[in-house]
Amino acid sequence: MRVLIILALFLALTPFSATAANGIEAITIAGDGKSYSVTLQILAVMTVLTVLPSLLVMMTSFTRIIVVFSILRQAMGTPQTPSNQILLGLALFLTFFIMSPVLEKANNEGLQPYLNDQIAADVAITKVIEPFRSFMLRQTRNDDLEMFARISGAEPITDASDVPLSLLLPAFVTSELKTAFQIGFMIFVPFLIIDMVVASVLMSMGMMMLSPLIISLPFKLMLFVLVDGWALIMETLAASFFT
């Protein structure tokens, strides 16, 4: 994984020679004899863009956020509201908010010095990856790191700087899933209590043919609005990454 990231960033950031800058011929118009070309650097950037979705899920806070939102939607009993597009957009912008210090540090210490010809490409790549490594290490449980190290047969990890990305990435995602389900459990409990109360009331009234979900849905929505649920969820998710 590290080799793929380094290769993609190197191709996207490294300026090509004058010959490569002229581009390779893509199409020729027979009428006026003009040739339209595309540079290798554009091809490299497009290659990097295909890797970005995986990096977004694997190396940022996106996984925890989208899992919590999905559990919240199921707990409220509205599996289609908000829609997937709204949840994905909300999770994406919240991810940018949480990751902004990491992105700013990677830009200031790695990308900008390289673009100003102050450091070499390999040093720039290391400085760009380091803030993400530090972020993932803070959010990763030691048990998950030790588990993947044991599975791979690697030596016991004594220093956090020695953790390879091949171990850190799956351990980070595993820890994020655990944390997301813990937060989701705490969110699910109040709505579950409302469902149980409504079901008990309907059964005591002999209205067993009426679905409790239909009756409990307005009460769950009212509870969520009264406690300012969206703001509370956003604050909890953001604070969980800074504590």
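## Around α10 and the core

What covers the buried residues of α10 includes α4, α5, α6, α8 and α9 (212-226). Here buried means under 20% relative accessible area, exposed over 50%, and partly exposed in between, with a 1.4 Å probe and protein chains only. Contact means heavy atoms within 4.5 Å, and helices (H or I, at least four residues) and strands (E, at least two) are DSSP runs, numbered from the N terminus.

A word on the model: it is predicted, so local features need pLDDT of at least 70 and side-chain atom pairs count only at pLDDT 80 or more, while totals for chains, interfaces and linings use all residues. Residues are numbered from 1 along each chain as its sequence is written, and side-chain values use heavy atoms, leaving out hydrogens and water.

Back to α10. Its buried residues are Gly229, Ile233, Leu237, Ala238, Ser240 and Phe241. They cover an arc of only 160 degrees around the axis (taken from the directions from the helix axis to the C-beta atoms), which puts them on the same side of α10. Over on the other side, Glu235 and Phe242 are exposed.

Then there's α4, with 13 of its 15 residues buried, so this helix is largely enclosed by the rest of the structure. Right after α4 comes Gly77, whose phi is positive, near 80 degrees.

How do the lengths of these two helices work out? The expected span is 1.5 Å times one less than the number of residues, and both helices agree with it.

| Helix | Residues | Expected span | End C-alpha distance |
|---|---|---|---|
| α10 | 14 residues | 20 Å | 20 Å |
| α4 | 15 residues | 21 Å | 21 Å |

Now the largest nonpolar core, a set of buried Ala, Val, Leu, Ile, Met, Phe, Trp, Tyr and Cys residues joined through side-chain atoms within 4.5 Å. Of its 46 residues, Ile65, Phe69, Met136, Ile233 and Leu237 touch the most other members. Two or more residues each come from α3 (40-59), α4 (62-76), α5 (84-115), α6 (121-139), α7 (142-152), α8 (165-204) and α10 (229-242). The largest share, eleven residues, belongs to α8.

Leaving aside residues up to four places away in sequence, Phe69 touches Leu87, Leu90, Ala91, Leu94, Trp230, Ile233, Met234 and Leu237.

Zooming out, the protein has ten helices and two strands, in the order α-α-β-β-α-α-α-α-α-α-α-α along the sequence. Of its 243 residues, 34% count as buried. Among contacts between residues at least 6 apart in sequence, 69% join residues at least 24 apart.
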